Amino acid sequence: MTSTLILEQTFNGLQAGVTLFLVAAGLTLILGIMDFVFLAHGAQVMIGAYFAAAITAASDNFYLGILLAIPLTFASGYVLEFLVIRHLYRRDHMEQVLATFGLILFFNELIRIGFGPAALYSDLPPSLSGFVEILPDTPYPAYRLGVIGVGFACALAIHLFVSRTRIGAMVRAGANNSEMTAALGVNIRILFRLIFAAGACFAGVAGMLLGPLTAVQPGMGEPLLILSLVVIIIGGIGSVRGAFIAAIIVGLVDTLGRVFLPGLLRLVFDQATADGAGPALASMLVYILMAVVLIFRPTGLFPAKG
Amino acid sequence: MLEINWGVKMKKIMVAAVVLAAIGVGVYLLINEQKKEVVRVGYMTTLSGGAGIIGKQMQNAVQLALEHKGGRLGGMEAEVIFVDDQRKPDVAKQLANRLVKSDRVDVVAGIIWSNVLMAVIKPITRSDTLLIGSNAGPSPIAGEQCHENFFSMSWQNDQTPEAMGKHMQDAGVKSVYLMAPNYQAGKDMLSGFKRYFKGEIAGEVYTKLGQSDFQAELSSLRAAAPETTMVFQPGGMGINFVKQWKQSGLDQVSKLYQVFSVDAVSLPALKDAALGILGTQSWSPDLDNDINRKFVADYKAKHGGYPSYYAAQAYDTILAIDHAIATSGSKDTDQMRAVLAKGNIPTTRGLLKMNSNHFPVQNFYLRDTVKDADGVVTTKVLSTVFADHADSYAANCKF
């Protein structure tokens with residue numbers, strides 16, 4: 001009984017982890033390679049979710065919604081970089097924080113004007129609304145298994161792209177030393193724009209996958225942004241591998257901590273104290289983890305800059 | 001000499017004439033001013049962020065109420081100033097000071113959140129301005145920290161879950177698993193529930209405020225397999241919770257009851273997924289009285305969807321101000337207070353009675369989630385759980 005519950009919760013943790021990874025992957029490259037503080041990454045999650053939900057609602061086909069939303073989010077990231085972001089690279093970090101914070105407000109209002117303040121209706125595609133027995137008598141929602149699969153597939157694709165392709169080599173070189181990379185004749189402007197658009201696209205995919213599970217509403221991506229900042233700090237800024245491992249760790253620690261910590265505290269303290277402290281401590285766990293990592297590895301687990 | 005005297009006299013006459021004219025103009029202006037006396041209402045709600053939809057519904061309802069009253073409250077020309085508290089107590093406090101001190105409003109109304117209300121109640125009530133709450137009802141305000149200038153047009157936080165507890169107790173439910181966000185209102189709701197439900201508490205789980213994925217909690221719930229589950233997850237959290245509950249197939253494991261989690265704010269995003277989920281509330285769109293029928297019909301016609309209880313309470317708030325001014329013939333705080341304290345305020349919930357702590361004494365209903373004649377998902381009253389239910393803090397309130 002308990003071991004199947006632990007297994008099920010581990011799957012929940014993995015699912016939370018890969019979703020976080022999709023958001024953090026782009027963010028770590030934008031921060032690590034472009035040295036750009038981009039707070040509006042959560043808005044990309046929302047934009048992806050709205051594209052998918054709107055197209056799904058219009059076409060009544062979930063897969064078509066996702067398929068069309070991916071290039072649309074990529075394009076929106078590309079245009080955003082061209083119109084706004086590229087003018088901010090030379091500014092200092094504080095100004096980037098202010099400008100991109102403004103972008104959060106801008107996108108939330110834009111969505112509100114376009115779609116209204118109410119949450120959109122979005123549900124699971126019928127083909128994925130069933131259950132899969134991960135162990136006998138342990139049904140697990142098929143859609144969430146699918147999310148884990150897509151997350152791992154994206155992680156593998158990003159890994160192969162970064163480690164095996166020529167553009168990937170430029171990305172790695174850019175992460176290590178962007179001025180030297182530019183001096184070697186790499187068109188760093190185009191590279192930045194592609195990285196930014198790809199990052200926006202992966203965050204958008206996270207939003208598309210979350211859409212059927214959660215409320216599609218303005219500001220839906222912001223809670224994810226904070227956790228994904230924790231992820232890239234633990235993983236090491238600029239490292240995709242670090243982001244992946246840290247995202248899985250954070251997903252597991254957050255999920256398992258939330259579920260099992262109140263019970264564990266009850267073994268030590270009386271009921272009232274445990275009920276009071278349990279949820280509070282559980283919500284702090286990932287930040288405690290980040291603090292511990294920063295004490296022993298100030299540049300994160302897998303620092304990108306040598 | 002004579003000429004000079006004449007000059008002085010002339011001067012005196014001139015001065016007297018000017019003074020008289022000035023007084024005349026002043027009196028004329030004063031009379032005119034009284035003729036078109038304007039009542040100013042500051043309406044505070046949350047218009048931005050994830051909860052913006054709630055504030056929008058309340059704003060719609062306030063405007064509808066003004067329309068129904070021909071732009072006047074109690075016969076006086078009315079001006080409503082909407083302010084957005086952004087769900088932040090510090091922002092709300094600044095706005096409250098502005099409304100009272102620089103806009104000089106006669107009444108402040110609205111407020112969705114308990115923590116926002118706690119932050120603004122003192123600056124408003126102490127400046128001798130009426131504060132009429134449209135939603136939040138934290139227990140301190142109903143008890144020891146009550147103030148004669150505060151009126152609630154909603155409920156005290158504990159009451160709605162009390163009704164749920166009473167219903168489940170009466171229905172013979174043996175055991176329940178409780179879930180609420182980890183903040184003051186979440187704890188108040190569950191303690192209100194437990195005041196009337198005497199069966200076994202199979203589990204009591206506090207989730208993070210603003211949580212969007214409940215899968216981990218639902219996995220634990222499936223393992224615990226409780227007979228029933230009762231949740232308080234307001235706003236967007238309710239959408240997430242109910243969606244994921246259905247997707248996890250938990251209907252086969254446990255029966256779901258809720259307070260404040262399934263309503264006209266979440267139903268458009270949930271649709272059929274919410275059908276058959278029971279809840280308690282002091283209002284429902286199908287309450288059968290003239291004011292409610294007109295309110296619901298006109299709201300639907302104007303905004304293309306059902307109003308939520310937030311909207312109904314906002315509408316009632318404006319009706320209360322109208323009633324206070326019309327009955328007392330004045331926008332004076334003391335006189336309006338005297339009228340409201342007597343109760344019998346015409347609202348969408350019928351004639352609303354007032355308790356000694358200025359919170360309503362009202363019915364609480366069991367509501368089912370059903371499809372209306374047009375196939376739109378809405379709520380319907382099944383039965384009355386409490387008739388004329390008073391909150392349990394009024395005895396501690398001394399003005």
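Q: What makes chain A and chain B count as being in contact, and how many residues does each give?
A: Two residues are in contact if their C-beta atoms, placed from the backbone, lie within 7 Å. By that criterion, 30 residues of chain A are in contact with 28 residues of chain B. The model is predicted: local features need pLDDT of at least 70 and side-chain atom pairs count only at pLDDT 80 or more, while totals for chains, interfaces and linings use all residues. Residues are numbered from 1 along each chain as its sequence is written, and chains are lettered from A and ligands numbered from 1 in the order in which they are written.

Q: Which elements of chain A give two or more residues to the side that touches chain B?
A: They are α1 (2–32), α10 (240–268) and α11 (271–296) of chain A. Helices are DSSP runs (H or I, at least four residues), as are strands (E, at least two), numbered from the N terminus. The most comes from α1(A), with five residues.

Q: How is the side of chain A that touches chain B divided by residue class?
A: This side has 17 nonpolar, eight polar and five charged residues. Ala, Val, Leu, Ile, Met, Phe, Trp, Tyr, Cys and Pro count as nonpolar, Asp, Glu, Lys and Arg as charged, and the others, Gly among them, as polar.

Q: Why is A:A24 called buried?
A: A residue is buried if 20 or more other C-beta atoms lie within 10 Å of its own, exposed if 12 or fewer, and partly exposed in between. A:A24 has 35 C-beta neighbours inside 10 Å, and therefore counts as buried.

Q: Where does A:A24 lie, and which residues is A:A24 in contact with beyond four places in sequence?
A: A:A24 lies in helix α1 of chain A. Its contacts, leaving aside neighbours within four places in sequence, are A:S228, A:V231, A:I232, A:A243 and A:A247. The C-alpha atoms of A:A24 and A:L227 are separated by 8.7 Å, although these residues are 203 apart along the chain.

Q: What makes β1 and β2 of chain A a pair?
A: Two strands pair if DSSP finds at least two bridges between them. Strand β1 (residues 131–135) and strand β2 (residues 138–141) of chain A have four bridges, in the antiparallel sense. A:F131 stands opposite A:P141 in β2(A). The hairpin has two residues between the strands, and A:D137 takes a positive phi near 70 degrees.
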